[in-house]
Amino acid sequence: MTNAGGRVLSSAMRSLVLVLACCLAAPALAQEDDAFVGFGFFFMPDRDGVSIVTAVAPESAAETAGMRAGDRIVSVGGVPLPPFNEGDALARARESLPAAFTVARGADTLALSLDVGPYRATPLYRRSAAFLCIHGDCVDGTGVWRQPNGRWYEGEFQDGLRHGQGALTQEDGRVYVGGFVRGVREGPALYRWPDGTYWTGTFRDDQPVPPGVYTDAKGVSRPGLPD
């Protein structure tokens, strides 16, 4: 990954700009527009890599099949789903429809048959944020949500997306404090690592804009990104 000047970012900064599902899980088919065609659900991994359904779109193929938020995806097409959906098994499931899903719901194991169909993204964002919310209003207000892998966000929301000012804490302890626009990090910000080092500067399109100011563990500051 390179920055706007073409310079290669350090491994630490590459970790900084990586986004998992933006810190939101990707829908079954990602597009820029609000209209989608796909299974119609969001999923996120827990700490062990198990895919957890966090929302099902209204009137989607997934809702018709009976999928629910909180379901744990066990297998797709008769094949156990790899941890963290490695190899993108869910995308491959679209190649042979209807797709056979096995999900765990509480103590029960259920077989679901999913086709694809149209759905809207905004209701899916809103439902996912409401499902993850542990305090306040995580749809159109200020609140706190926590993802299954331990990542959490406290701040402002709009349509279920991080929008406004807030703090995003990664599961490994890295913290971003600053602005968000429709789920993307944007504007003046502070990024802190668990060892106490931090970078202050500006984010654009979810990436840090050099140089900014990096402060090391000894409190020594200098312009630029981490080495």
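Me: What makes Arg 105 and Asp 71 a salt bridge?

Reply: A salt bridge is a side-chain nitrogen of Lys or Arg within 4 Å of a carboxyl oxygen of Asp or Glu. For Arg 105 and Asp 71 the closest N and O atoms are 2.8 Å apart, so the pair fits that cut-off. The two sit in distant parts of the chain, 34 residues apart: Arg 105 in strand β6 (residues 99-105), Asp 71 in the loop between α2 and β4 (72-76). Helices (H or I, at least four residues) and strands (E, at least two) are DSSP runs, numbered from the N terminus. One thing to know early on: this is a predicted model, where local features need pLDDT of at least 70 and side-chain atom pairs count only at pLDDT 80 or more, while totals for chains, interfaces and linings use all residues. Residues are numbered from 1 along each chain as its sequence is written, and side-chain values use heavy atoms, with hydrogens and water left out.

Me: Are Arg 105 and Asp 71 buried or exposed?

Reply: Both Arg 105 and Asp 71 are buried. Buried means under 20% relative accessible area, exposed over 50%, and partly exposed in between (1.4 Å probe, protein chains only).

Me: How many salt bridges does a search of the whole structure find?

Reply: The search finds nine. One of them joins Arg 127 and Glu 63, with closest N and O atoms 3.4 Å apart. Arg 127 is in helix α4 (residues 121-132) and Glu 63 in helix α2 (residues 61-65), so this pair ties together parts that are 64 residues apart in sequence.

Me: Why are Arg 127 and Glu 63 called partly exposed?

Reply: Arg 127 has a relative accessible area of 36%, and Glu 63 has 35%. Both values fall between the buried and exposed limits, so "partly exposed" is the right label.

Me: What links Asp 159 and Arg 182?

Reply: Their side chains meet in a salt bridge, 3.4 Å from N to O. Asp 159 is in the loop between β11 (152-158) and β12 (161-169), and Arg 182 is in the loop between β13 and β14 (184-192), so the pair ties together parts that are 23 residues apart in sequence. Asp 159, Arg 182, Arg 126 and Asp 140 are linked in a network of salt bridges.

Me: Why is the link of Cys 133 and Cys 138 called a disulfide?

Reply: A disulfide is a pair of cysteine sulfur atoms within 2.5 Å. The sulfur atoms of Cys 133 and Cys 138 are 2.2 Å apart, so they qualify. The structure holds one disulfide, and with 65° about the S-S bond it is right-handed. Cys 138 is buried at 1% relative accessible area, whereas Cys 133 is partly exposed at 22%.

Me: How do you know that Tyr 176 is buried?

Reply: Its relative accessibility is 1%, so it falls under the buried limit. Tyr 176 lies in strand β13 (residues 175-181). Leaving aside neighbours within four places in sequence, Tyr 176 is in contact (heavy atoms within 4.5 Å) with residues including Gly 166, Leu 168, Tyr 191 and Phe 203. A polar atom of the Tyr 176 side chain also lies 2.8 Å from the backbone oxygen of Gly 179.

Me: What makes Pro 226 count as buried?

Reply: Pro 226 has 7% relative accessibility, so it too is under the limit. You'll find Pro 226 in the segment after β17 (221-223). Pro 226 and Tyr 214 are 12 residues apart in sequence and 6.3 Å apart in space, C-alpha to C-alpha.

Notes
Polar contact = N/O pair within 3.5 Å; in protein donor to acceptor, adjacent residues only side chain to side chain.
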